[in-house]
Amino acid sequence: MSELNGSGGTVTVQVNGERVTLPRGSMLIAALLKTGAPCRISVTGEPRTALCGMGICFECRAIVDGVPQQRTCQIVCKEGMTVETQL
Amino acid sequence: MEMYDAVILGAGIVGAACAYECAALGLRVAVVEPGVPANGASSAGMGHLVVMDDSPAQLALTHYSRDLWREMQNTLPAGVEFEECGTLWVAADDEEMQEVFAKRKAYAQRGIETEVLDEQALRQAEPNLREGLVGALCVPNDAVIYPPAAAGHFLALAQQMGAKLLYGKRAVEVGKGKVVLEDSTQLTAGFIVIATGTDVSLCPWVIVNRRKGHLAITDRYPGVLRHQLVELGYLKSAHSLAEDSVAFNLQPRKTGQVLIGSSRQYGDLSNQAEPEMLRRMLERAVEYMPMLAGLSVIRVWTGFRAATPDKLPLIGPTADSSVLLAMGFEGLGITNAVGAARLVLHHITKAEIALDPQPFLPSRVGAPEALYV
């Protein structure tokens, strides 16, 4: 559980190409929220971000390390991870 | 007693199209629907508008109907999601490639545009298909729609032109220009059109088998495919009347979602999705397009095709000349709904139609003993 309870240190990920540094143990959605980048753009063109934050609502889906439709509220940041707004 | 020129039983896409055509002609129309409009095969199917050549009559009807859809495409609301994506009939071996040429010839005889793709052209058209496929026949003017929205559109237009929509009540008796609903309401009608899909309770002399199908839909992955893709092996598997079968059948939705089919089963009347059939269907899809294995499916469901023994729909008058049928469309009800509505109109008004109505007449299944009131 040391990864989740933030036993010190930081981790750096990329949000739409921008480097973001967070406390180790942060969820990926935190990185998106820190930059203000939307997770995805809805089918009607609206920007979307996390609503429930617990893996149920699927609003926080984004492209993580090249894989689309990943729930960023369920993924712990790892060093060098990339996340992109999903169009 | 309420009086109508035409009472349509069933608000699926066929009944809705019939209601629209009749109302547009100025007839007094009522639509009777016990449940929710388009709650049967109309909301379970893929919505592929496709020309099919499994018999000359089917080819004539699907061609006529598909082109009616194309003519009305600019009048359809955005929610109908009409998209002329074309169909690629994919050949996996040389035998299926012969089928490509045979199909092209049959289509050319009716003036239907097609294009033969070789292996390289197919890879260019659909880069996510596996290597080693032999080619395909492209039918560029085939299209897809979202059928429940189309049914809703036809019903709304019919209503605007004065049609009355009677929802929540089942018709229990029909005949001799009269319809009795379950609450004993009586309607008189010049014509009654039975468009109840697989429900033959009002015309029990008709044989319509429920042929179960499964579908799965993915999350949004824009650009995965551009055309509706159907394996030519489908023609072998889908026509087997006895065995359960699956076939590779993919459809791009406007939302970027991928609709994955298909399965065919007789004799299973439960609407539950079955893991074994789903597994077979999805494995077949992945065989043709390996990258599908990495996509998320967000929903699976089942539906029932209304299959007749000779694989042609029943459209036209019965022994009781006030009662017409428009049912038994199997997997082509979405495509053929608009053509069927024109045929119904032809039988009601004797209006000219550029299609031979004969092969679809219900009289071919024997002399019915209609349910007289």
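Helices are taken here as DSSP runs of at least four residues in state H or I, numbered from the N terminus. In the predicted model, A:Thr35 falls within helix H1 of chain A, which spans residues 28-35. With 15 other C-beta atoms within 10 Å, A:Thr35 is classed as partly exposed, because that class lies between the bound of 12 or fewer for exposed residues and that of 20 or more for buried ones. Leaving aside residues up to four places away in sequence, A:Thr35 touches A:Val15, A:Glu18 and A:Val20. The C-alpha atoms of A:Thr35 and A:Cys77 are 15 Å apart in space, and the two residues are separated by 42 residues in sequence.

Chain A as a whole comprises one helix and seven strands, and its elements follow the order β-β-α-β-β-β-β-β from the N terminus on. The radius of gyration of chain A is 12 Å, close to the 12 Å given by the globule rule for 87 residues, so chain A is as compact as a globular protein of that length. Taken along the principal axes, the box filled by the C-alpha atoms of chain A is roughly 40 × 25 × 20 Å. Of the 87 residues in chain A, 29% are buried, and of the contacts in chain A with a separation of 6 or more, 35% are accounted for by residues 24 or more positions apart.

Five strands of chain A form an open sheet with mixed pairing, in the order S2-S1-S7-S5-S6. The edges of this sheet are occupied by strand S2 (18-23) and strand S6 (67-71) of chain A, each of which pairs on one side only. On average, and with direction ignored, neighbouring strands of the sheet are turned by 40° against each other. Within the sheet, strand S1 (residues 10-15) and strand S7 (residues 82-84) of chain A are joined in the parallel sense over two bridges. A:Val15, which is among the residues touched by A:Thr35, has A:Val83 as its bridge partner in S7(A). The helix that carries A:Thr35, H1(A), lies across S1, S2, S7 and strand S5 (61-64) of chain A, and runs at about 120° to S2(A).

Chain B contains nine helices and 18 strands. Its radius of gyration is 20 Å, close to the 21 Å that the globule rule gives for 373 residues, so chain B is likewise as compact as a globular protein of its length. The C-alpha atoms of chain B fill a box of roughly 65 × 40 × 40 Å along the principal axes. Buried residues constitute 49% of the 373 residues in chain B, and residues 24 or more positions apart supply 74% of the contacts in chain B with a separation of 6 or more.

The domain assignment of chain B divides the chain into domain 1, with the segments 2-45 + 147-207 + 310-365, and domain 2, with the segments 87-140 + 209-305. The C-alpha centres of domain 1 and domain 2 of chain B lie 30 Å apart, and contact between these domains involves seven residues of domain 1 and seven residues of domain 2. On the side of domain 1 of chain B that touches domain 2 of chain B, the residues divide into three nonpolar, three polar and one charged.

Strand S14 of chain B (residues 245-252) has eight of its eight residues buried, so this strand is largely enclosed by the rest of the structure. In a regular strand, side chains alternate between the two faces of the sheet. In S14(B), both faces are covered, with B:Ser245, B:Ala247, B:Asn249 and B:Gln251 buried on one side and B:Val246, B:Phe248, B:Leu250 and B:Pro252 buried on the other. S14(B) pairs with strand S13 (residues 228-231) of chain B in the antiparallel sense over two bridges, and B:Leu250 in S14(B) is the bridge partner of B:Leu229. Strand S15 (residues 257-266) of chain B also runs antiparallel to S14(B), to which it is joined by six bridges, and in S15(B) the residue opposite B:Leu250 is B:Ile260. The hairpin of S14(B) and S15(B) has four residues between the strands, and B:Gly256 takes a positive phi near 95° in this hairpin.

Key:
Residues are numbered from 1 along each chain as its sequence is written. Chains are lettered from A and ligands numbered from 1 in the order in which they are written. This is a predicted model: local features need pLDDT of at least 70, side-chain atom pairs count only at pLDDT 80 or more; totals for chains, interfaces and linings use all residues. Two residues are in contact if their C-beta atoms, placed from the backbone, lie within 7 Å. Two strands pair if DSSP finds at least two bridges between them. Axes are lines fitted to C-alpha atoms, for helices over the stretch in contact, and angles run from 0 to 180 degrees between N-to-C directions. Domain bounds come from an automatic or database domain assignment. Ala, Val, Leu, Ile, Met, Phe, Trp, Tyr, Cys and Pro count as nonpolar, Asp, Glu, Lys and Arg as charged, and the others, Gly among them, as polar. The radius of gyration is taken over C-alpha atoms; the globule rule is 2.2 Å times the number of residues to the power 0.38.
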